[in-house]
Amino acid sequence: MRFHGGGYLKGFLDFSSNINPLGVPKPIEEEIRRCLKEEIYKYYPDSNYLNIKRAISYFYDVEAENIVQTNGASEALSLIVLLLKPKYLVTFEPSFGDYELLTKALNVKLIKHRLNLVNDKFIFEFDFVKNLKEEKLGLIIIVNPNNPTGSYVDIDKIIELAHETSNIILLDEAYSEVSDYDTILKKHEDLPKNVVVVKSFTKVFSIPGLRIGFIYSRNRELIEKIDIIRPIWNLNSIVDYSLSKALTSYKKDLWSFINHTKKYIKNERKMLSHKLSNYFQVYKSCTNFIMLKSNCSAKVIHDMLLKRRIKIRTLNNFGKEYLRISVRRREDNEVLIKSIREIFRNIKRH
Ligand SMILES: Cc1ncc(COP(=O)(O)O)c(C=O)c1O
């Protein structure tokens with residue numbers, strides 16, 4: 001079984017998936033509606049996906065030839081590992097990814113390294129990667145910001161590290177547009193060829209059901225090979241058509257939406273972190289979710305909230321006391337705080 005949550009959670013307040021609380025931007029919603037009206041789903045998409053590549057290139061101001069569109073960031077992650085078949089793969093825990101299953105299936109050695117915890121911050125250890133230098137043909141996965149810790153690694157230091165290692169660095173930026181920081185694509189001209197960036201539109205545009213992301217790398221050979229091994233129609237025609245149009249015609253509006261999102265999330269995260277620190281240890285986050293440590297079992301809290309139709313995420317594979325909540329709109333965040341206050345009052349009484 002592969003567990004990543006998901007499914008239809010109607011009737012629940014969902015603090016378990018990390019999508020933008022501000023919802024789908026209007027231009028994207030309108031373009032999707034237009035696709036439905038024009039029955040675009042009756043056609044195969046263009047198998048070369050020239051429009052969406054051009055649109056992404058225009059939106060991020062990067063070269064179209066260095067992009068491959070993918071079915072969400074998750075397809076990108078699998079395609080890169082499948083193509084590279086690295087000698088070994090390094091992850092920094094706790095983190096996101098099905099690498100355990102993938103490396104087992106491909107017979108690739110998996111090195112899991114725990115992030116260093118200093119007070120309320122998870123710290124990335126550059127020296128650990130530098131000391132791997134002797135071993136070539138490795139794939140180093142850096143999730144930035146990291147899920148579930150919400151921690152961040154400075155992009156200039158990642159570029160520096162890439163220059164110093166002969167391994168390939170896969171930088172998963174699924175959350176950069178809902179974080180306090182800019183994407184590394186702003187510095188794409190400085191990226192060495194051993195950096196592969198994975199991006200997603202899922203979180204920022206609240207479209208987990210549409211499935212769209214992309215890979216960017218200045219290693220043209222790698223990009224061309226990924227383009228060959230991807231399924232021939234890896235994006236459906238609705239997302240291909242609607243996003244191509246929206247990213248091109250509404251670039252300015254969508255970047256204003258992203259900047260507004262970043263401010264909104266920062267503000268709500270501050271409020272939530274402050275209030276939740278009365279009940280949990282709160283880890284410092286720069287994005288739209290917060291990792292927490294409880295004094296009692298996370299499952300107990302999870303189950304009690306579920307009874308109130310609130311869904312959060314337990315982090316069992318890291319430890320029984322850890323949970324993760326997403327940052328939502330103010331009114332929802334207040335419901336969560338109120339419920340937690342009542343739950344802890346009840347726990348104290350018994
Ligand atoms: C760090 C990270 N990368 C990638 C993904 C997958 O994103 P997508 O929905 O675009 O496939 C997720 C989803 O939760 C994630 O947390």
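These legends accompany close-up views of a predicted model of one protein chain with a ligand.

**Figure 1. The protein chain as a whole.** The chain contains 11 helices and 15 strands. Its C-alpha trace spans about 65 × 55 × 35 Å along the principal axes. The radius of gyration is 20 Å, which agrees with the value near 20 Å that a compact globule of 350 residues would have. Of the 350 residues, 43% are buried. Counting contacts between residues at least 6 apart in sequence, 73% join residues at least 24 apart.

**Figure 2. The two assigned domains.** The domain assignment divides the chain into domain 1, made of residues 13-23 and 253-349, and domain 2, residues 26-249. Domain 1 is therefore written as two stretches of sequence, because the bounds come from an automatic or database domain assignment that lists 13-23 + 253-349. The centres of the two domains, taken over C-alpha atoms, are separated by 26 Å.

**Figure 3. Where domain 1 touches domain 2.** Here 25 residues of domain 1 are in contact with 23 residues of domain 2. On the domain 1 side, helix 9 and strand 12 (289-293) each supply at least two of the touching residues. Helix 9 gives the largest share of this side, 7 residues. Sorted by class, the domain 1 side has 12 nonpolar, 8 polar and 5 charged residues.

**Figure 4. Helix 8 and its neighbours.** Helix 8 covers residues 237-249, 13 residues in total. From its first C-alpha to its last it reaches 18 Å, close to the 18 Å expected at 1.5 Å a residue. Which residues of helix 8 are buried? They are Val239, Asp240, Tyr241, Ser242, Leu243, Ser244, Lys245, Ala246 and Leu247. The buried residues of helix 8 pack against three helices: helix 1 (26-37), helix 2 (50-60) and helix 9 (251-276). Helix 9 also appears in Figure 3, as a part of the domain 1 side that touches domain 2.

**Figure 5. The shell around the ligand.** The residues around the ligand are Gly72, Ala73, Ser74, Phe96, Val143, Asn147, Asp172, Ala174, Ser200, Thr202, Pro208 and Gly213. Which helix gives the most to this shell? Helix 3, residues 72-84, does, with 3 residues. By class, the shell divides into 5 nonpolar, 6 polar and 1 charged. Asp counts as charged, so the charged residue in the shell is Asp172.

Technical notes: Residues are numbered from 1 along each chain as its sequence is written. This is a predicted model: local features need pLDDT of at least 70, side-chain atom pairs count only at pLDDT 80 or more; totals for chains, interfaces and linings use all residues. A residue is near a molecule or strand if its C-beta atom, placed from the backbone, lies within 6 Å of it. Helices (H or I, at least four residues) and strands (E, at least two) are DSSP runs, numbered from the N terminus. The radius of gyration is taken over C-alpha atoms; the globule rule is 2.2 Å times the number of residues to the power 0.38. A residue is buried if 20 or more other C-beta atoms lie within 10 Å of its own, exposed if 12 or fewer, and partly exposed in between; C-beta atoms are placed from the backbone. Two residues are in contact if their C-beta atoms, placed from the backbone, lie within 7 Å. The expected span of a helix is 1.5 Å times one less than its number of residues.
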